[in-house]
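The following exercises invite the reader to work through one structure step by step. Each task is followed by a solution.

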Amino acid sequence: MQYFPDAKAVVRALRPEEPVILNRPHAAARAARFFVEKFPGKSLYAVKANPSPELLQILWDNGVTHYDVASIAEVRLVRTTLPQATLCFMHPVKSPGAIREAYHKHSVKTFSLDSVEELEKIVDACRDEDGNAATDLRLCIRLRVSSEHAALSLAAKFGCDLTEAPALLQQTRQHCDWLGVCFHVGSQAMSPFAYVQAIDRVRAAIAEASVVIDMIDVGGGFPSVYPGMEPPPLEDYFKIIHQHFYALPIAYNAELWCEPGRALSAEYSSLVVKVEKRRGEELYINDGAYGALFDAAHVDWKFPVRALEDDLIKPEMDFAFYGPTCDDADYMPGPFALPEDIQAGDYIEIGMLGAYGAAMKTDFNGFGAAERIIVQDEPMASLYDGSRVRPEADNVVSLR
Ligand SMILES: *Cc1c(COP(=O)(O)O)cnc(C)c1O
């Protein structure tokens, strides 16, 4: 792995023909320490946001011990990278083979579910050779909650509703000594109130079921900073979650968990792209909708950009991007503000791509390649560098 001070130094030294992913280990380490020190419970990293083994190792080295995995490939990857980590299989619809391998081969004990069918599947897949049911399962019921405060919905696909939850909780309790409730308020939840509404729904479900609950998992959804999306400090989220967790009718020693993906990984990576062609207000760049800019194309996500040439002197104007593939859909509307005199051959850095960016690259049409380089400068925006401190909130966390 090569080290450079920043993106400009990379471009000056290499003039790279392919996109380059710039990783900032210090930024991921800082995010991990923030959650480990300040979230009033356990923080699981949601691996799908960015499964890079280097990132997994950084999070582990900075105190993240539990990992939310959703496929058998993620189970294998994290088990190989971090042999001591605790893995939690939090996809509510799994194949029997995946459950079997996770439980018997990789000692995964924690599984989420949202239906009786999935409960039966898990119980069956975890039996021993003599057909005895497992006695060490830790099961977690996924409740459907609103995504109204989130930039990306996760409300439609998974989760049982309030009419089904009490019976499923009671039935699941008979198969495990440790029962949790989890939910996901949607990704990039812009208000802490999203979690209050969801915890209220948890309260209704467990009051109706009257079973002992050992864990509440408030899921992911913790935001990062993007152009036009400036969330309140994460302390506000942690505080309100803690207060409402405490007021729940649950076991006195019940645990509180969260599963951040985006918040732990967004600041880790940015991307250097080359302008291949300019057509008016459109720049043809060498990464796009089938690469790290999936969200910029498909859900119109805004990412910060900056030009990397020193000889651009004109004021900024708005551009749209075309990606490298031959598909019209490989288009990022932006708008991305860049100097008016930018042209083919120039380089651009696109920031905040550590979550659901670097992880989205495909080889479609032959455009998957990207070198990875470590840089030492700050991410283009940060929730953790102290720049967003409010008088009443201490948002700074020190590096060890
Ligand atoms: C995607 C996902 C997460 C992470 O969500 P973020 O919005 O990135 O924090 C956490 N838990 C589950 C079950 C998920 O599917």
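A residue is called buried when its relative accessible area is under 20%, exposed when that area is over 50%, and partly exposed in between. The structure shown is a predicted model.

**Exercise 1.** Classify Y356 and R15 as buried, partly exposed or exposed, and describe their backbone.

*Solution.* Step one is to locate Y356, which is found in the loop between β18 (347-350) and β19 (371-375). Its relative accessibility is 15%, so Y356 counts as buried. Its phi is positive, about 55 degrees, although Y356 is not a glycine.

Step two turns to R15, in the loop between α1 (7-14) and β2 (20-23). With 38% relative accessibility, R15 counts as partly exposed. R15 is not a glycine, yet its phi is positive at about 35 degrees.

**Exercise 2.** Trace the chain from β3 to β5 and state the handedness of each crossover.

*Solution.* Begin with the pairing of the strands. Strand β3 (residues 42-46) runs parallel to β4, and three bridges join them. Within this pair, L44 stands opposite H66 of β4. Between the two strands the chain passes through helix α3 (residues 53-61), and this β-α-β crossover is right-handed.

Next, consider strand β4 (residues 66-69) on its own. H66 and D68 point one way, Y67 and V69 point the other way, and all are buried.

Then move to the following strand. Four bridges join β4 to the parallel strand β5 (residues 86-89). Here Y67 stands opposite L87 in β5. The chain reaches β5 from β4 through helix α4 (residues 72-81), in a β-α-β crossover that is again right-handed.

**Exercise 3.** Continue the path from β5 to β7.

*Solution.* First, β5 and β6 run parallel and are joined by two bridges. F89 stands opposite F111 in β6. Helix α5 (residues 96-106) carries the chain from β5 to β6, and the β-α-β crossover is right-handed.

Second, look at the side chains of strand β6 (residues 110-113). T110 and S112 point one way, F111 and L113 the other way, and all are buried.

Third, β6 is joined by four bridges to strand β7 (residues 138-142), also in parallel. The bridge partner of L113 in β7 is I141. Together, β6, helix α6 (residues 116-125) and β7 form a right-handed β-α-β unit.

**Exercise 4.** Explain why the buried residues of α3 line one face of the helix.

*Solution.* Start by listing the residues: L55, L56, I58 and L59 are buried in α3. Seen down the axis of α3, the buried residues fall within an arc of 160 degrees, so they line one face of the helix. A general rule helps here: an α-helix has 3.6 residues a turn, so residues three or four places apart point the same way.

Now ask what covers this face. The elements over the buried residues of α3 include α2 (25-38), β3, β4, α4 and α10 (262-265). Finally, just after α3, G63 takes a positive phi of about 105 degrees.

**Exercise 5.** Describe the surroundings of F321 and N286.

*Solution.* F321 lies in strand β16 (residues 316-322). Its relative accessible area is 0%, so F321 is buried. Leaving aside residues up to four places away in sequence, F321 touches L283, I285, V305, D330, Y331, M332, F336, L338, I348 and I350. Of M332, one can add that its C-alpha is 5.0 Å from that of F321, while the two are eleven residues apart in sequence.

N286 sits in the loop between β14 (282-285) and α11 (294-298). With 7% relative accessibility, N286 counts as buried. Its C-alpha and that of G323 are separated by 5.8 Å, although they are 37 residues apart along the chain. Beyond residues up to four places away in sequence, N286 touches E17, E18, P19, V273, K274, E276 and P324.

**Exercise 6.** State how many cavities of 30 Å³ or more there are, and which residues line the largest.

*Solution.* The count is three cavities of 30 Å³ or more. The largest cavity has a volume of about 50 Å³. Residues lining the largest cavity include N286, D287, G288, P324, T325 and D330.

**Exercise 7.** Identify the geometry of the peptide bond from G334 to P335.

*Solution.* This bond is cis, with omega near 5 degrees. P335 belongs to strand β17 (residues 331-339).

Notes:
Residues numbered from 1 in each chain as written. Predicted model: local features only at pLDDT ≥ 70, side-chain atom pairs only at ≥ 80, totals over all residues. Heavy atoms only, no water. Buried < 20%, exposed > 50% of the residue type's maximum accessible area, 1.4 Å probe, protein only. Pairing = 2+ DSSP bridges. Right-handed = clockwise from strand over helix to strand, strands pointing away. Arc of directions from axis to C-beta. Contact = heavy atoms within 4.5 Å. 1 Å grid on protein atoms, 1.4 Å probe; cavity = no way out; pocket = protein on both sides within 12 Å on 5 of 7 lines; lining within 4 Å. Points joined across faces, edges and corners; volume = space filled by probe spheres on them.
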